[in-house]
Amino acid sequence: MDFGRKVLIGMVHLKPLPGAYLYDGDLDSVIERALSDARTLEEAGFDAIMVENFGDVPFSKYVDKTTVAAFTAVAKAVRDEVSIPVGINVLRNDGIAAYSIAYAVKADFIRVNVLSGVAYTDQGVIEGIAHELARLRKLLPARIKVFADVHVKHAVHFGDFEDSIRDTVERGLADAVVISGRATGSPVDMERLRLAKKISPVPVIVGSGTSYDNLPMLWNYADGFIVGTWIKRCGKVKNEIDPERAERLVRLAKELRERSL
């Protein structure tokens, strides 16, 4: 993905997949909803989309084969439907599955919640997977970028934030870092975002809480924005993408780009 200009990445939150506790037995409806949201984002003018198994609560640290198979089927349908870059995030921290799916469907990037370090989460203690992912990238070389969270949301972290940024890039080999708030839809801490932009040698992406109201404030301190909650109908994360909200955010981003020229 080209970070020569600041990019908007829209979330395609999947309904529960086969193997998940809340799966309703209808994979076709999962695919239809994913395709609808993907089309809405592309038509609105988003620069990229990211597909995520958001409905698979309660999450496990690493997913099973059933989930990988179903996720791949959905991701392939999405990849065939849109012409903009596609990313994959497999919750809670299955970067190996994410890269494997991305490789199979020719996606462009993945997100890894804990690439380096340790996070204390509702799934227990999650350890970084940088070594395992680097080995897989060597085995299956592709132009798939790795976007890695630093002090990911829905988790407690005890390491120094600045050190974690450097470790994620220099030792974890991340292609971009993601800075989020405390939970899904929560605004990012501006001091942390400014620090990340100041010291990170790779692009900095806001991973939660971007909205029409705060995008102008965030604009100068990030290279990309992953947007999910605000662009849903009524701003509710479980709803489908609202075309009007998505288009409003894209128009605002265009205005901000023009002002910065």
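In the predicted model examined here, Val118 has Glu127 of strand S6 as its bridge partner. This contact belongs to the pairing between strand S5, which covers residues 118-121, and S6, where four bridges join the two strands in an antiparallel arrangement. S5 and S6 form a hairpin, with two residues between them. The hairpin is part of an open sheet of three strands in the order S6-S5-S8, and the pairing in this sheet is antiparallel. Because strand S6 (124-127) and strand S8 (155-156) stand at the edges with a single partner strand each, one side of each is left without a neighbour in the sheet. In general, the strands of a sheet pair through backbone hydrogen bonds, in either a parallel or an antiparallel manner.

Aromatic contacts were considered next, and the structure holds four aromatic pairs. In one of these pairs, Tyr120 and Phe158, the ring centres are 5.2 Å apart and the planes stand at 75 degrees, so the pair is edge-to-face. This pair links distant parts of the chain, since Tyr120 is in strand S5 whereas Phe158 is in the loop between S8 and helix H5 (161-171), 38 residues apart. Tyr120 counts as partly exposed, at 40% relative accessibility, while Phe158, at 64% relative accessibility, counts as exposed. The rings of Trp219 and Phe225 are arranged in another way: their centres are 5.5 Å apart and their planes are at 5 degrees, so the pair is stacked. Both Trp219 and Phe225 are buried.

Aromatic rings also take part in contacts with arginine side chains. Arg194 lies over the face of Tyr221, at 5.0 Å from the ring centre, and Arg245 lies over the face of Trp230, at 4.7 Å from the ring centre.

The analysis of open and enclosed space gave the following results. The largest pocket has a volume of about 710 Å³ and is lined by 40 residues, of which His13, Glu52, Phe54, Thr184 and Val237 lie nearest its centre. At least two residues of this lining are supplied by strand S1 (7-13), and at least two by strand S11 (224-227). By class, the lining of the largest pocket divides into 14 nonpolar, 17 polar and nine charged residues.

With regard to enclosed space, the count comes to one cavity of 30 Å³ or more, and about 40 Å³ of space lies in the largest cavity. The residues that line the largest cavity are Leu115, Ala130, Leu133, Ala134, Arg137, Val146, Gly172 and Leu173. Helix H4 (residues 130-139) provides the largest share of this lining, with four residues. In terms of class, six residues of the cavity lining are nonpolar, one is polar and one is charged.

Leu173, one of the residues lining the largest cavity, is also notable for its backbone, as its phi is positive, at about 65 degrees, although Leu173 is not a glycine. Leu173 is found in the loop between H5 and strand S9 (176-179), and at 48% relative accessibility it counts as partly exposed. A positive phi also occurs at His154, a residue other than glycine, where the value is near 55 degrees. His154 lies in the loop between strand S7 (145-149) and S8, and with a relative accessible area of 38% His154 is partly exposed. In general, most residues other than glycine have a negative phi, and most peptide bonds are trans.

Cis peptide bonds were found at the following positions. Val57 and Pro58 are joined by a cis peptide bond with an omega of about -10 degrees, and Pro58 is found in the loop between strand S2 (48-52) and helix H2 (65-81). The peptide bond from Leu91 to Arg92 is likewise cis, with omega near 15 degrees, and the place of Arg92 is in the loop between strand S3 (86-89) and helix H3 (95-105).

Definitions and conventions
Residues numbered from 1 in each chain as written. Predicted model: local features only at pLDDT ≥ 70, side-chain atom pairs only at ≥ 80, totals over all residues. Heavy atoms only, no water. Pairing = 2+ DSSP bridges. 1 Å grid on protein atoms, 1.4 Å probe; cavity = no way out; pocket = protein on both sides within 12 Å on 5 of 7 lines; lining within 4 Å. Points joined across faces, edges and corners; volume = space filled by probe spheres on them. Nonpolar A, V, L, I, M, F, W, Y, C, P; charged D, E, K, R; others polar. Phe/Tyr/Trp six-rings, centres within 6.5 Å; stacked < 30°, edge-to-face > 60°. Buried < 20%, exposed > 50% of the residue type's maximum accessible area, 1.4 Å probe, protein only. Lys NZ or Arg CZ within 6 Å of the ring centre and 35° of its normal.
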